[in-house]
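I am opening a fresh page for a structure I have not looked at before. My plan is to start with the chain as a whole and then go down to single residues.

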Amino acid sequence: MPKLSVILITKNEASHIVQCLDSVHFADEWIVVDSGSTDATVALAREWGATVYIHEDWLGFGIQKNRALAYATGDWLLSIDADERVPEALAIEIQKIIQDGHQSIAGYTMPRLSSYCGHFMRHGGWWPDRVLRLFKREQSRFSDRQVHEKVEIKGQVGQLTAHLIHYTHPNLEAVLNKMNTYSTAGAAVMQERGRSGGILKACFHGFWAFIRAYIFRAGFLDGAYGFMAAISHAEGTYYRYVKCWLMKHIDNQK
């Protein structure tokens, strides 16, 4: 029977790591690549039974996940984040795929249900938020992007029906921290690709991001949380363009 390896990358995920690993107990192997946690993440993962490798030279999400992929030995890989959980229904569906999966299908997407400040979001572009997380090791790799990395797969992609649970943004402070981190990384990617930022562009794209999420993607149906999430998305977009502009401005002054 084909073997399933779970891969995840971590940094300071002591509050999540055990519950995450518990939810994927049905796998054959658990690979954790840590980027220098200062809390109990590494100790908890090892105590649970995962194999942990430490790479503190952070080069981006894509490269770090490719490191985890390289350590895995399973025929199939399940890539998961520490703040995600695999419910029983999804676990059963994954196990059936591993046992009976079609040879022609190299990977599967699954819908992801995410929370925002404790509220599970069903609109505004948050659902079904299909993500490619189950795939054959020999036919897949991650793109080397710093953020929003993607699985590059050789072969057909199927769809699972049961959803993955994502406990993202537990509070507003976490929202702001993540927005700051991702907007900085996103600005760096923009600069690498030769794209330009600017105040007017930041305002336009930020405003459009809010309208798209709140109006066109019906974020208003999530009530106050939908409004807050749309504002957060707009702010992240705004700061990405502003930071890109500032990076170029600083480079020109050197």
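I began with contacts, keeping in mind that this is a predicted model. Of the contacts in the protein chain with a separation of 6 or more, 73% are made by residues 24 or more positions apart.

Next I looked up the overall dimensions. The C-alpha atoms fill a box of roughly 55 × 45 × 35 Å along the principal axes, and the radius of gyration is 19 Å, which agrees with the value near 18 Å that a compact globule of 254 residues would have. I noted that buried residues make up 49% of the 254 residues, and that the accessible surface comes to about 12,900 Å², with 55% of it belonging to carbon and sulfur atoms.

I then turned to the secondary structure, which comes to 7 helices and 13 strands. How are the strands of the open sheet ordered? I found 7 strands in the order 3-2-1-4-9-6-12, with mixed pairing. Strand 3 (51-54) and strand 12 (156-159) are the edge strands, each pairing on one side only. Neighbouring strands of this sheet are turned against each other by 25° on average, with direction ignored.

At one edge I followed the pairing in detail: strand 12 pairs with strand 6 (residues 105-110) in the parallel sense over 4 bridges, and valine 157 in strand 12 is the bridge partner of glycine 107.

I also checked what lies across these strands. Helix 3 (residues 61-71) lies across strand 1 (4-10), strand 2 (29-34), strand 3, strand 4 (76-79) and strand 9 (131-136), and runs at about 145° to strand 2.

My last entries concern backbone geometry. Most residues other than glycine have a negative phi, and most peptide bonds are trans, so I listed the exceptions I came across.

Which peptide bond is cis? I found the one from tryptophan 127 to proline 128, with omega near 10°, and proline 128 is found in the loop between strand 8 (119-120) and strand 9.

Histidine 169, although not a glycine, has a positive phi of about 50°. This histidine 169 lies in the loop between strand 13 (164-166) and helix 5 (172-192), and I asked whether it is buried or exposed. Histidine 169 counts as buried because its relative accessibility is 15%, and the cut-off for buried is under 20%.

Alanine 218 is another such entry, with a positive phi near 60°, in the loop between helix 6 (199-216) and helix 7 (223-253). At 19% relative accessibility, alanine 218 therefore counts as buried.

Conventions:
Residues are numbered from 1 along each chain as its sequence is written. This is a predicted model: local features need pLDDT of at least 70, side-chain atom pairs count only at pLDDT 80 or more; totals for chains, interfaces and linings use all residues. Side-chain values use heavy atoms; hydrogens and water are left out. Two strands pair if DSSP finds at least two bridges between them. Helices (H or I, at least four residues) and strands (E, at least two) are DSSP runs, numbered from the N terminus. Axes are lines fitted to C-alpha atoms, for helices over the stretch in contact, and angles run from 0 to 180 degrees between N-to-C directions. Contact means heavy atoms within 4.5 Å. Buried means under 20% relative accessible area, exposed over 50%, partly exposed in between (1.4 Å probe, protein chains only). The radius of gyration is taken over C-alpha atoms; the globule rule is 2.2 Å times the number of residues to the power 0.38. Accessible areas come from the Shrake-Rupley method with a 1.4 Å probe; for residues, only the protein chains shown count as cover.
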